[in-house]
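Student: I am new to this structure and would like a close look at a single part of it, the open sheet and what surrounds it. Could you take me through it slowly?

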Amino acid sequence: MSEHTRSRPAGEDSPSSAPAEASASSPNFSRRTFLKSVGVTPVVAAAIAPDAAEAQGATVVGPEAAPLTLTINGQKRTVTVEPRTTLLDAMRQQLELTGAKRVCDRGSCGACTVTIDKRTAYACSVLAVDAEGADIRTIEGLTQGTVLHPVQQAIFEKDGTMCGFCTPGFVMSTVALLDKTPNPTAAQAKKALDGNICRCGTYVRLLEAALSVKGGARG
Ligand code: FES
Ligand code: FES
């Protein structure tokens, strides 16, 4: 899936479980190479090499919890987290934003999908510190009062939920698709949703829902 990054559900840019230079079986694997692989750049975990980082002018945070401001659904929200805390944990444990679900917690199911700067991302695979300054959107930001977002309404009308654990992730992936491609083909919709897993098997109805809102009003 060309528009997606490491933190994005499945597709051709799915996160590899073992970066070439830092596989768990490699004798060169270390905490340092792992942290480098997940993109700790402007803000550096002190556990890596605080002296070296400070010498390069980087802001050193951690390993203790430190305040962090996230922009979620247009609002500035402050959390106090360790550098290792994921965006999903920060949202669920400190901000009572529990719409994004923790199912696999390892970047493979899509239940925790949010959008970051309009691109889908697995919140369980993004460090909260790396999301600072970005425009984060969650399922909680879609409804307007009691009025459902058109994608939510379409899934409801198509009877596209069973247990519902996967639903927020599918909604966010569909919203991201329609933001970028207002009139997707079935193939484009399938590809956009291929990083989300539904264990109850509601794929056909979810796809119908995604296609039914194409060209329609979207929030
Ligand atoms: S991909 Fe994040 S919980 Fe499964
Ligand atoms: S509705 Fe149960 S996992 Fe999708």
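Tutor: A good place to start is Thr71, which stands opposite Asp135 in strand 7. This pair belongs to the join between strand 3 and strand 7 (residues 135-137), where two bridges hold strands that run parallel. Please keep in mind throughout that the model is a predicted one.

From this join the view can be widened to the sheet as a whole, which is open and is formed by five strands in the order 4-3-7-5-6, with mixed pairing. At its edges lie strand 4 and strand 6 (119-122), each of which pairs on one side only. From one strand to the next the twist averages 45°.

On the side of strand 4, strand 3 (residues 66-72) and strand 4 (residues 75-81) pair in the antiparallel sense, and seven bridges connect them. Within this pairing, Thr69 has Thr78 of strand 4 standing opposite. The two strands form a hairpin with two residues between them, and in that turn Asn73 has a positive phi of about 55°.

The other edge also ends in a hairpin, for strand 5 and strand 6 pair in the antiparallel sense over four bridges. Here Thr113 has Tyr122 in strand 6 as its bridge partner. Two residues lie between the strands of this hairpin, and Asp117 takes a positive phi near 50°.

Leading into strand 5 (113-116) is the loop that comes after helix 3 (87-94), and Arg102 is found in this loop, as is Ala111. Arg102 counts as partly exposed because it has 16 C-beta neighbours inside 10 Å, while Ala111 is buried, with 26 other C-beta atoms within 10 Å; the cut-off for a buried residue is 20 or more such atoms. Leaving aside its neighbours within four places in sequence, Arg102 is in contact with Leu88, Arg92, Cys112 and Cys124. The C-alpha atoms of Arg102 and Ala123 are 9.0 Å apart in space, although the two residues are 21 apart in sequence. For Ala111, the residues touched, not counting those up to four places away in sequence, are Lys101, Val103, Phe165, Cys166 and Gly169. Of these, Cys166 is 55 residues from Ala111 along the chain, yet a separation of 4.9 Å is found between their C-alpha atoms.

Gly169, one of the residues that Ala111 touches, is also among the buried residues of helix 5, and this leads to the helix that packs on the sheet. Helix 5 (residues 167-180) touches strand 5 and strand 6, and its direction makes about 30° with that of strand 5. With 14 residues, helix 5 reaches 20 Å from its first C-alpha to its last, close to the 20 Å expected at 1.5 Å a residue. Because 12 of its 14 residues are buried, helix 5 is largely enclosed by the rest of the structure. Its buried residues include Phe170, Val171, Met172, Leu177 and Leu178. What covers the buried residues of helix 5 includes strand 5 and strand 6, together with helix 4, helix 6 (186-192) and helix 7.

Helix 4 (residues 150-157), one of these covering elements, has buried residues of its own, namely Val151, Gln152, Ala154 and Ile155. They cover an arc of only 160° around the axis, which means that they lie on the same side of helix 4. Among the elements that cover them are helix 5 and helix 7 (203-212). Just after helix 4, Asp159 takes a positive phi of about 55°.

Finally, this part can be set within the protein chain, which has seven helices and seven strands. From the N terminus on, the elements run α-β-α-β-β-β-α-β-β-β-α-α-α-α. Of the 219 residues in the chain, 38% are buried, and among contacts between residues at least 6 apart in sequence, 55% join residues at least 24 apart. As for confidence, the chain averages a pLDDT of 82, and 74% of the residues score at least 70. Over residues 1-6, however, the pLDDT is below 50, and this stretch has 18 contacts in the model beyond near neighbours in sequence. Over residues 10-44 the pLDDT is also below 50, with 49 contacts in the model beyond near neighbours in sequence.

How values were computed:
Residues numbered from 1 in each chain as written. Chains lettered and ligands numbered in written order. Predicted model: local features only at pLDDT ≥ 70, side-chain atom pairs only at ≥ 80, totals over all residues. Pairing = 2+ DSSP bridges. Contact = placed C-beta atoms within 7 Å. Axes fitted to C-alpha atoms, helices over the stretch in contact; angles between N-to-C directions. Arc of directions from axis to C-beta. Expected span 1.5 Å × (residues − 1). pLDDT = per-residue confidence, 0-100.
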